[in-house]
Amino acid sequence: MSLLKPFSKLPGLNTANILLVENQEQLQHMLADVLVKETPLTVTVRLAKSLPLPVDESRPRIDLVVFIINLTSELSFQSAEDSLKYLDPGYFLGKVCFMVTNARHASVPTERLDALRRLAASLHCPLLFAEDQTPEGVIGAAERLLTILKVSAGVVPMTTALYLSNLTRCTLPPDIDQPSFD
Amino acid sequence: MEQTNASVTRTPLDSVAVKRKSKSRSYRQSYRSCLGVASRLGLTPARRLTTNRKAPESHNITVNPEHLALLVKNEWQLAYVTPLHQFRHTQLRSYARHLSAFVVAEKQQGLAVEVSGLQNGFKASMTVVQGMSEADDDPETVLIQIHSKPLFSRPDDPQKLVWSGWLTCINGNPEYLHSLPKDFTCLPLFVYKGAENLSSLVKSWVQRTFDCCFGPLELSQTSLQWLAALWTNCHAESNIQHLRMLWTLPSAPPLQVTYAVDPHDVWELWGSVRKGSWGDGAGEARWIDLEEVASFMQSLKSHFYRHFKLDLSAGILNQVSTALGSARFNGRIKISNSAYVITTLTLLTECALLKMPI
């Protein structure tokens, strides 16, 4: 089974590699356009629809894996969940992030968002909400990703991805287990 | 945060909470009600729809047949309403007079010439619809109607109904209803039909008079799936004639899929999904679980995938319709069979309670 491993290659100097995984392949292109403009850090963005990735020896070490989930589509959530098993456990020490779009859409049942929150909380990963319809929203989302990416790539002194993940990981709201009307 | 929660659940007003804890679940407050002002509200309604629901039975409703006919033959728009302050069911006549005066005044705003008499006069009437509330705690349903004369009519023509709306609460969550302070009446579901300007006039009048808020009620995917399952379950008693679903798939351009299923096939599918609970006696009310609904929809989707290689879970369910009624995602609903009005309205009341900001 081709697991993606976080530490199998050496890091590059002043570079960061980010992998955007999205089933619908929409937001990842827009985010990629914004992310590559970053200076002085050289950001390489790799795009995928789902994991596992095909075997490629020339792939550099991936510093951050971002799963982009569109909450209005159940398939998007399913495919992200299925892709999780192809990641080496070393990634879950702060090198995985979930980004959600369309969380406020009226057709989204609350169970889906709750299930996603539980998943993110159990994996100790940050859960970011993004607005993808306006360019300002995409720029905002890209900036948040860059903050986490810089730490994961080791470019920020005195911080590692594991330390940051303690601060940014998703927590469950206290009434998530509140029973329904009975 | 944990400490605040614990202390507030012990406040004297929540003596009702002591009774509820018999099921050894602890109820917590919403974030907003952690502020002191709203602490009297105590409990929020739940965060998700019920997972267990009674299978619908045809009820013999003791409602005025005229009102029922009105409800059944039209397509309605849904909205949610926050609890009304100082609403008295006894003062409906004076409310109706105020409403007529308000509507007439608003219509005449901006007109330089005084309209003679009540040529286009609007007359509003509010009536209580007896017999619709299912549980003991539900406040009675209120029907608001606006009649007016059409523009070019003779003086002695009868007035026609131009706008009608219902404020209702069917099987509302009893703990929530008890936790409201005394002056508030909770009628969370607002069902209306008519011209848009009249709707906004009525809404602004109610907002001003009773200090409440309106908001659009959209039906989420889960509610639409519940409606599909509940209506299918009624096939034994009244033929649903078809189960038609409208899906929108996100492609460029967006693809609309109309998926129509023959009633016998869908009844067999539903039966095989519920095979566990078929042994009950005929008189017992059977419960439908959320998992059964989910597997019912999943089997419909996988059948579609097997034939067309299109996975419907990538899209959004927009509309569900059977002979018993149809429901659209943007909050339009039509109930065609008067026997299942109560069940449908129960589900919609729950959706309204969930969507309410308080």
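**Exercise 1. Chain B as a whole**

Task: State how many helices and strands chain B has in this predicted model, then describe its burial, contacts and surface.

Solution.
- Step 1. Count the elements. Chain B holds 10 helices and 15 strands.
- Step 2. Turn to burial. Chain B has 358 residues, and 49% of them are buried. A residue is called buried under 20% relative accessible area.
- Step 3. Sort the contacts by separation. Take those in chain B with a separation of 6 or more: 72% join residues 24 or more positions apart.
- Step 4. Look at the surface. Chain B exposes about 17,900 Å² of accessible surface. Carbon and sulfur atoms supply 53% of that area.

**Exercise 2. A helix pair in chain A**

Task: Classify the packing of helices H2 and H3 of chain A, and name the residues that make the contact.

Solution.
- Step 1. Locate the helices. H2(A) spans residues 74-83, and H3(A) spans residues 110-122.
- Step 2. Read the geometry. The angle is about 15°, and the axes lie 12 Å apart.
- Step 3. Apply the cut-off. Angles under 35 degrees count as roughly parallel, so H2(A) is roughly parallel to H3(A).
- Step 4. Assign the hand. The crossing of H2(A) past H3(A) is left-handed.
- Step 5. List the contact. H2(A) contributes Glu74(A), Phe77(A) and Glu81(A). H3(A) contributes Arg112(A), Ala115(A), Leu116(A) and Leu119(A).
- Step 6. Sort the contact residues of H2(A) and H3(A) by type. Four are nonpolar, three are charged and none is polar.

**Exercise 3. A helix pair in chain B**

Task: Do the analysis for helices H4 and H6 of chain B.

Solution.
- Step 1. Locate the helices. H4(B) covers residues 92-108, and H6(B) covers residues 196-210.
- Step 2. Read the geometry. These helices pack at about 125°, with axes 10 Å apart.
- Step 3. Classify the angle. Roughly perpendicular runs from 65 to 115 degrees, and roughly antiparallel starts over 145. H4(B) and H6(B) are therefore oblique to each other.
- Step 4. Assign the hand. H4(B) passes H6(B) in a right-handed crossing.
- Step 5. List the contact. From H4(B) come Tyr95(B), His98(B), Leu99(B), Phe102(B), Val103(B), Glu106(B) and Lys107(B). The H6(B) side includes Leu198(B), Leu201(B), Val202(B), Trp205(B) and Arg208(B).
- Step 6. Sort the contact residues of H4(B) and H6(B) by type. The split is nine nonpolar, three polar and three charged.

**Exercise 4. Cis peptide bonds in chain A**

Task: Give the omega values of the peptide bonds leading into Pro40(A) and Pro52(A), and place each proline.

Solution.
- Step 1. Take Pro40(A). The bond from Thr39(A) is cis, with omega near -5°.
- Step 2. Place Pro40(A). This proline sits in the loop between helix H1 (27-35) and strand E2 (42-48) of chain A.
- Step 3. Take Pro52(A). The bond from Leu51(A) is cis, with omega near 10°.
- Step 4. Place Pro52(A). Its loop lies between E2 and strand E3 (64-70) of chain A.

**Exercise 5. Positive phi in chain A**

Task: Find the phi values of Glu25(A) and His124(A), then decide whether each residue is buried, partly exposed or exposed.

Solution.
- Step 1. Take Glu25(A). Phi is near 60°, positive although the residue is not glycine.
- Step 2. Place Glu25(A). The loop runs between strand E1 (15-22) and H1 of chain A.
- Step 3. Judge exposure. Glu25(A) has 35% relative accessibility, so it counts as partly exposed.
- Step 4. Take His124(A). Phi is near 60°, again a positive value in a residue other than glycine.
- Step 5. Place His124(A). The residue lies in the loop between H3 and strand E5 (127-130) of chain A.
- Step 6. Judge exposure. His124(A) counts as partly exposed because its relative accessibility is 38%.

Technical notes
Residues are numbered from 1 along each chain as its sequence is written. Chains are lettered from A and ligands numbered from 1 in the order in which they are written. This is a predicted model: local features need pLDDT of at least 70, side-chain atom pairs count only at pLDDT 80 or more; totals for chains, interfaces and linings use all residues. Side-chain values use heavy atoms; hydrogens and water are left out. Helices (H or I, at least four residues) and strands (E, at least two) are DSSP runs, numbered from the N terminus. Buried means under 20% relative accessible area, exposed over 50%, partly exposed in between (1.4 Å probe, protein chains only). Contact means heavy atoms within 4.5 Å. Accessible areas come from the Shrake-Rupley method with a 1.4 Å probe; for residues, only the protein chains shown count as cover. Axes are lines fitted to C-alpha atoms, for helices over the stretch in contact, and angles run from 0 to 180 degrees between N-to-C directions. A crossing is left-handed if the near helix is turned anticlockwise from the far one by less than a right angle, and right-handed if clockwise. Ala, Val, Leu, Ile, Met, Phe, Trp, Tyr, Cys and Pro count as nonpolar, Asp, Glu, Lys and Arg as charged, and the others, Gly among them, as polar.
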